[in-house]
Amino acid sequence: MYKLLCYILLFPFALSAQEYIPMLQEGNSWSVDVFYCPYDPPNNPDEWTETEQISIGEEVLIDGIAYKQLYRDGDESCLLREEDGVVYKLISSNNEMIFFDFNMEVGDEFYIADSGFQYPYCAGTGYNIPIFFIKVYEVEMLFIAGQERKVINFIDKHSPNDGHVLSWIEGIGTLAGPGHTWALQDATCGSLLACFSNNGETYFMNGAGSCDNTSLGIGDISEEEIVLYPNPITNTSFLQLPSASVADRLKIFTINGKLIGEELITKDYIPLQATQYSAGLYFYRVLSEGRVLKTAAFLVK
């Protein structure tokens, strides 16, 4: 009986003392489904999914501090470092922000910085919720992706009665992967983690049945070949295309999905003038025979 009592008393301590599971350990990778449905009905003719493949790359030294380079579809995305359960994100040459803090407990508060245009984002765009101040209402241990992991659940600090808004998962990030919520509405309607890989094992997440759920087919044309530069537009910017033959139509929408401009594409670049628009956020869509090649946001200042 004495031994049993000691075990019962020590068991909660054993759980709380469980070794922290790092998020940036070598071999971790994430597949994040980004859902594109930028316009409300009836102005939403196109919906599609693009799966971003996120991986951890080399160590990068910035002012003597070591960061891990994250890659999104093979391109550099963001720099993170991890120390004592806290994940830091580099936002400028000598400035960093706390991205995750897995030491948080019930009642603790956290501020989510708007990473829409100020900082490079790591993956996905979260849930597109206009929430910056969150508060822990529950901490639990759950068996996820082969391990017992600490899960921190949040409510909106200013609207606590609205209920759950976000979860952090130890060693993984959020339900949208290693990225974070993007408080500024964009051309997507959210992101969800499709797969998480650790130590050679791959785990399906959020009901996904595949690690690549991309449904946007653009043939031999990569959307990275379609570039608007500079963005934001302050004077004149150019939408550059691989060639005039790959696309035939350009459409411009407001953030609310209203079509405000449309033109035929007859050459491999299109100038966009700031004087054509009021200051704000817009979306351009490039099409080829009715098939969407790219939809992306641009800012006019």
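This passage describes the fold, the nonpolar cores, one open sheet and some backbone features of a predicted model.

Local features are reported at a pLDDT of at least 70 and side-chain atom pairs at 80 or more, whereas totals for chains, interfaces and linings use all residues. Residues are numbered from 1 along each chain as its sequence is written, and side-chain values use heavy atoms, with hydrogens and water left out.

The chain contains one helix and 20 strands, these elements being DSSP runs numbered from the N terminus (helices H or I, at least four residues; strands E, at least two). Of its 301 residues, 47% are buried, where buried means under 20% relative accessible area, exposed over 50%, and partly exposed in between (1.4 Å probe, protein chains only). Contact is defined by heavy atoms within 4.5 Å, and 54% of the contacts between residues at least 6 apart in sequence join residues at least 24 apart.

A nonpolar core is taken as a set of buried Ala, Val, Leu, Ile, Met, Phe, Trp, Tyr and Cys residues joined through side-chain atoms within 4.5 Å. The largest such core has 33 residues, of which W30, L70, L80, F154, W168 and I172 touch the most other members. Strands that each supply at least two residues of this core include β1 (29–36), β2 (48–62) and β8 (133–144), while the largest share, four residues, comes from β10. Beyond its neighbours within four places in sequence, W30 is in contact with residues including M23, I54, I172, P178 and F196. Another core, of 20 residues, lies apart from the largest one and has L228, A247, Y282 and L293 among its members.

Strands are counted as paired if DSSP finds at least two bridges between them. An open sheet of four strands follows the order β17-β16-β19-β20 with antiparallel pairing; β17 (259–264) and β20 (291–300) stand at its edges with a single partner strand each, so one side of each is left without a neighbour in the sheet. Within this sheet, six bridges join β16 (residues 249–254) to β19 (residues 280–288), and I252 stands opposite Y284 in β19.

Most residues other than glycine have a negative phi, and most peptide bonds are trans. The bond from Y229 to P230 is nevertheless cis, with omega near -10°, as is that from N231 to P232, with omega near 20°; P230 lies in the loop between β14 (227–229) and β15 (236–240), where P232 is also found. A positive phi of about 50° occurs at A145, a buried residue with a relative accessible area of 10%, whereas N199, with phi near 55°, is exposed at 61%.
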